[in-house]
Amino acid sequence: MLSRLDRWFHITARGSTIPREVIAGLTVFGAMAYIVAVNPAILSAAGLDRHDMVMTTIAGAVAGTLLMALWARLPIALAPAMSSNVLFAQVVVQQAHVSPRTAFTVVLFSGLCFTALSLSQIRQRIIRGFPPSIVLGIQIALGAFIARIGLMTGGIAVPSPEGLTFGSLSNPSVLLSMAGVVLSAILVVLRVPAGLLLAILTITIAGLFIHTPSGPITHLPAQLLDWPHYPTNLFLPFDFHEYFSHLGLLVPITLYFLLSDFFDATATMMSVAHRAGLDGTVEKPALDHRAFGSDGAASIIGASLGTCTVSAYVESLAGVEAGGRTGLSALVVAVLFALSSVFWPLITAIPAIATAPVLILVGLNMLGSLSRVAETPAEAIPPLMMLLIAGVTGNFMLSLSCGLLIYTALAVATRQFQRLTPIVLGLDAAFIFYMVLQAHMGA
């Protein structure tokens with residue numbers, strides 16, 4: 001059995017071991033288990049039952065991650081996307097005043113287009129067409145983005161009229177979060193096996209004994225188990241009649257979904273593969289039609305199961321840092337999500353600040369790529385601008401758009417027209433269109 005797993009997932013060939021893959025899967029799940037609680041809370045604003053959304057969230061995560069694990073065999077976990085669920089509930093349902101079933105139809109058509117692009121050679125050509133400085137910018141911008149999420153989730157950085165400011169040191173949860181960063185850093189530096197997972201568990205347990213005015217940081221649920229039931233009324237929840245009756249309104253929103261999910265997921269998968277040392281070759285890339293097909297099909301499956309777009313999660317990088325290199329770590333994540341359909345009340349007891357230090361450490365490790373920034377301004381400015389925008393605004397798509405447009409402007413200014421390939425110009429047009437749609441929808 002173990003030898004079959006090794007051959008199927010190429011574990012030894014990728015320099016990993018089965019125990020390391022299992023630990024990586026546990027670490028990823030620990031870092032992204034919050035989605036089981038957060039996604040239903042967001043989608044319930046669209047008038048959907050919260051408990052039903054728990055089950056569809058789990059179903060979407062299991063289906064998408066299994067596809068990536070067993071077909072693409074990559075250490076990438078998928079779940080309903082955070083950007084997609086906010087857009088679904090707030091823009092499509094609340095602002096556009098369409099029914100949730102029509103909103104699911106928007107997600108479906110976006111997913112169909114997404115899958116068509118993924119199964120063709122277009123997505124691979126786009127990846128190969130990204131200039132090296134923009135590829136580097138994606139790495140460091142994602143590092144700043146995920147570290148920013150960790151800082152805000154842990155309360156170390158909090159919103160203020162001036163932007164972000166340091167959290168209150170009189171707040172016990174902030175102190176625990178900072179202690180978690182120190183603990184995670186020590187465990188990483190000492191190369192303690194399963195160090196990031198141990199940090200999550202330690203902070204969760206410590207939260208039981210550290211109180212805030214609202215009670216302990218870690219709240220144990222009233223019940224540890226909850227018998228799962230899938231809401232069959234949300235299987236294939238589409239309303240094609242209303243969608244085609246409002247094409248003028250819904251087609252731009254569908255395109256916005258498509259562009260946002262396409263480039264967010266592509267950048268995430270590129271970063272995970274690069275960080276895992278799975279870049280492959282031009283003839284045989286690690287991110288091939290199976291990887292992109294899995295990602296694309298997951299978006300269709302998510303809509304069909306009654307949740308928003310299912311996409312690759314940047315928290316997969318936590319598993320790579322823990323040693324994950326194959327689809328076995330993703331398989332572990334899928335199994336844990338399946339188990340969470342019974343244990344989800346216990347899973348949601350993990351406080352957000354328990355995973356925040358892990359995200360901060362992963363982001364800092366990715367920022368190590370700053371050493372590769374070129375000395376020439378024309379090559380250095382685009383990736384550094386991407387880093388700045390992603391870190392300050394928390395908008396990764398906007399940072400990618402600005403980085404590429406600045407790259408193009410500098411190429412024109414320096415008369416290096418050979419850098420303006422058809423792929424670069426096509427991406428420029430797509431990102432300009434994306435920014436226009438974003439401004440139009442106020443997203």
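How many residues lie between β2 and β3 in their hairpin? Select both strands and look. There are two residues between them. Keep in mind throughout that this model is predicted.

**Stop 1: the hairpin**

Colour residues 157–160, which are strand β2. Then colour residues 163–166, strand β3. The two strands run antiparallel, and four bridges join them. Now show A157. Across from A157, in β3, stands F166. As a general rule, side chains in a regular strand alternate between the two faces of the sheet.

**Stop 2: the largest pocket**

Next, select A81, M82, S83, F145 and I149. Of the residues lining the largest pocket, these lie nearest its centre. The whole lining has 48 residues, and the pocket's volume is about 1,300 Å³.

Which helix gives the most to this lining? Select α5, residues 82–95. Helix α5 supplies eight residues. Other elements that each supply at least two include α8 (132–153), α16 (352–366) and strand β6 (310–312).

Try colouring the lining by class. You should find 28 nonpolar, 16 polar and four charged residues.

**Stop 3: the nonpolar cores**

Now show F88, F263, L287 and L400. They belong to the largest nonpolar core, which has 90 residues, and they touch the most other members. Helix α12 gives the most to this core, with 14 residues. That helix covers residues 247–275.

Zoom in on L287. Beyond residues up to four places away in sequence, L287 touches L74, Q124, I127, M269, M270, A273 and F292.

Apart from the largest core lies another, of 20 residues. Select V62, V333, L336 and W344, which are among its members.

**Stop 4: G25**

Go to helix α2, residues 18–32, and pick G25. Is G25 buried or exposed? G25 is buried, because its relative accessible area is 0%, and the cut-off for buried is under 20%.

What does G25 touch? Setting aside neighbours within four places in sequence, G25 is in contact with S329, V332, V333 and L336. V333 and L336 appeared at the previous stop, in the core of 20 residues.

Add G327 to your selection. G25 and G327 are 302 residues apart along the chain, and their C-alpha atoms are separated by 9.4 Å.

**Stop 5: S316**

Finish in helix α14, residues 316–321, where S316 lies. S316 counts as buried because its relative accessibility is 0%. Show its contacts. Leaving out residues up to four places away in sequence, S316 touches V28, P75, I76, A77 and V272.

How values were computed: Residues are numbered from 1 along each chain as its sequence is written. This is a predicted model: local features need pLDDT of at least 70, side-chain atom pairs count only at pLDDT 80 or more; totals for chains, interfaces and linings use all residues. Side-chain values use heavy atoms; hydrogens and water are left out. Two strands pair if DSSP finds at least two bridges between them. On a 1 Å grid over the protein atoms alone, a cavity is a set of points where a 1.4 Å probe fits but cannot get out, and a pocket is an open set with protein on both sides within 12 Å along at least five of seven lines; lining residues have an atom within 4 Å of a point. Grid points are joined across faces, edges and corners, and a volume is the space filled by probe spheres set on the points. Ala, Val, Leu, Ile, Met, Phe, Trp, Tyr, Cys and Pro count as nonpolar, Asp, Glu, Lys and Arg as charged, and the others, Gly among them, as polar. A nonpolar core is a set of buried Ala, Val, Leu, Ile, Met, Phe, Trp, Tyr and Cys residues joined through side-chain atoms within 4.5 Å. Buried means under 20% relative accessible area, exposed over 50%, partly exposed in between (1.4 Å probe, protein chains only). Contact means heavy atoms within 4.5 Å.
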